Amino acid sequence: MFIRYVAKRGFTLIEALVAGALGMMILYVLVALLIPALRVSAQGTERVELDQRAALLEGRLTRALKETCRSGVGWLVAGWNGTGEVPEQAERFLSIHPLLGALSDSRQDWSRSLTVFHWKDGQLTESSLTLTEAPVKAVTLPWSELVSQTLAPPRLVMKEVRSFSAQLAEGPRVNYTFVLEKGAQELTLSRVVFLSNSSQ
């Protein structure tokens, strides 16, 4: 009986090097295509999140402003005297005194509390200030009084708000602007809100 041995042949060094080089080239092409796609996907996700956050904040501010008239809106900037440029990082307060409606003797019925939006260090919070007596007209407080008043514990409205500003425009209008940021993305939104009543 004869036993035949068959020698098994392996890869030569040159074959292994060529196969490794081809594998590396294919891997490089795949990575070169994948990384930009992942980057674009991440930027798209950040942009969608910014758009959603901007819509939420816009809705909250607009709803609050539509509940009042011009005399019920107060815009205060800490340390600003009303002349020159507004300090960029100064605290800002937007106070809104809601108008509930008209009384039978044609007087206006005002809420017993103010809604106060406060921007500081990139965060926008909302709190309320209860008035000690029923108001007969709209109440807006100067900055020193507003800061010294006891506000209800603030609720965080939004983080990463890079800037926030408002302006009482001619007629029954308020213009507000805010800038949101997320990673390398930034979104600026400006709106004009027509107030519900301008008789006072």
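Trainee: Which residue meets the side chain of Glu126 in a salt bridge?

Mentor: This is a predicted model, where local features need pLDDT of at least 70 and side-chain atom pairs count only at pLDDT 80 or more, while totals for chains, interfaces and linings use all residues. Residues are numbered from 1 along each chain as its sequence is written, and side-chain values use heavy atoms, leaving out hydrogens and water. A salt bridge asks for a side-chain nitrogen of Lys or Arg within 4 Å of a carboxyl oxygen of Asp or Glu. For Glu126 the N to O distance is 2.4 Å, and the partner is Arg60.

Trainee: How many residues apart in sequence are the parts that Glu126 and Arg60 tie together?

Mentor: Glu126 lies in strand S6, and Arg60 lies in helix H1. Helices (H or I, at least four residues) and strands (E, at least two) are DSSP runs, numbered from the N terminus. Because the partners sit in these two elements, the pair ties together parts whose separation in sequence is 66 residues.

Trainee: Is Glu126 buried or exposed?

Mentor: Buried means under 20% relative accessible area, exposed means over 50%, and partly exposed is in between (1.4 Å probe, protein chains only). The relative accessible area of Glu126 is 7%, so the residue counts as buried.

Trainee: And Arg60: buried or partly exposed? Which residues belong to its salt-bridge network?

Mentor: Arg60 has 24% relative accessibility, so it counts as partly exposed. Some salt bridges share partners, and this joins one network of Arg60, Glu126 and Arg155.

Trainee: How many salt bridges does a search of the whole structure find?

Mentor: The bridge between Glu126 and Arg60 is an example we have already met. Searching the whole structure gives a total of seven.

Trainee: Which residue forms a salt bridge with Glu49, and how many residues apart are the two?

Mentor: The closest N and O atoms are 3.6 Å apart, and the partner of Glu49 is Lys182. Glu49 is in helix H1 and Lys182 in strand S9 (residues 173-182), so to speak distant parts of the chain, linked across a separation of 133 residues.

Trainee: Which residue forms a salt bridge with Arg53?

Mentor: Here the closest N and O atoms are 3.5 Å apart, and the partner is Glu160. Arg53 lies in helix H1 and its partner in the loop between S7 and S8, so the pair ties together parts 107 residues apart in sequence. Arg53 itself is buried because its relative accessible area is 12%. At 37%, the relative accessible area makes for a partly exposed partner, Glu160.

Trainee: What is the phi of Glu160?

Mentor: Most residues other than glycine have a negative phi. Glu160 lies in the loop between strand S7 (155-158) and strand S8 (161-169). Though the residue is not a glycine, its phi is positive, near 55°.

Trainee: Which residue in the loop between strand S5 and strand S6 has a positive phi although it is not a glycine?

Mentor: The loop sits between S5 (113-120) and S6 (123-130). The phi is about 50°. At 62% relative accessibility the residue counts as exposed, and it is Asp121.

Trainee: Which residues form a nonpolar patch on the surface?

Mentor: Patches are made of residues with over 30% relative accessible area and no salt bridge, joining like charges within 9 Å and nonpolar side chains (Val, Leu, Ile, Met, Phe, Trp, Tyr) within 5 Å. Areas come from the Shrake-Rupley method with a 1.4 Å probe, and for residues only the protein chains shown count as cover. Met25, found in helix H1 (residues 13-65), counts as exposed because its relative accessibility is 52%. Together about 410 Å² is accessible in the patch of Ile14, Val18, Leu22 and Met25.

Trainee: How far apart are the C-alpha atoms of Leu65 and His97?

Mentor: Leu65 lies in helix H1. Leu65 is buried because its relative accessible area is 0%. Along the chain, Leu65 and His97 are 32 residues apart, while their C-alpha atoms are separated by 8.8 Å.

Trainee: How many helices and strands does the protein chain have?

Mentor: From the N terminus on, the elements run α-β-β-β-β-β-β-α-β-β-β-β. The chain has two helices and 10 strands.
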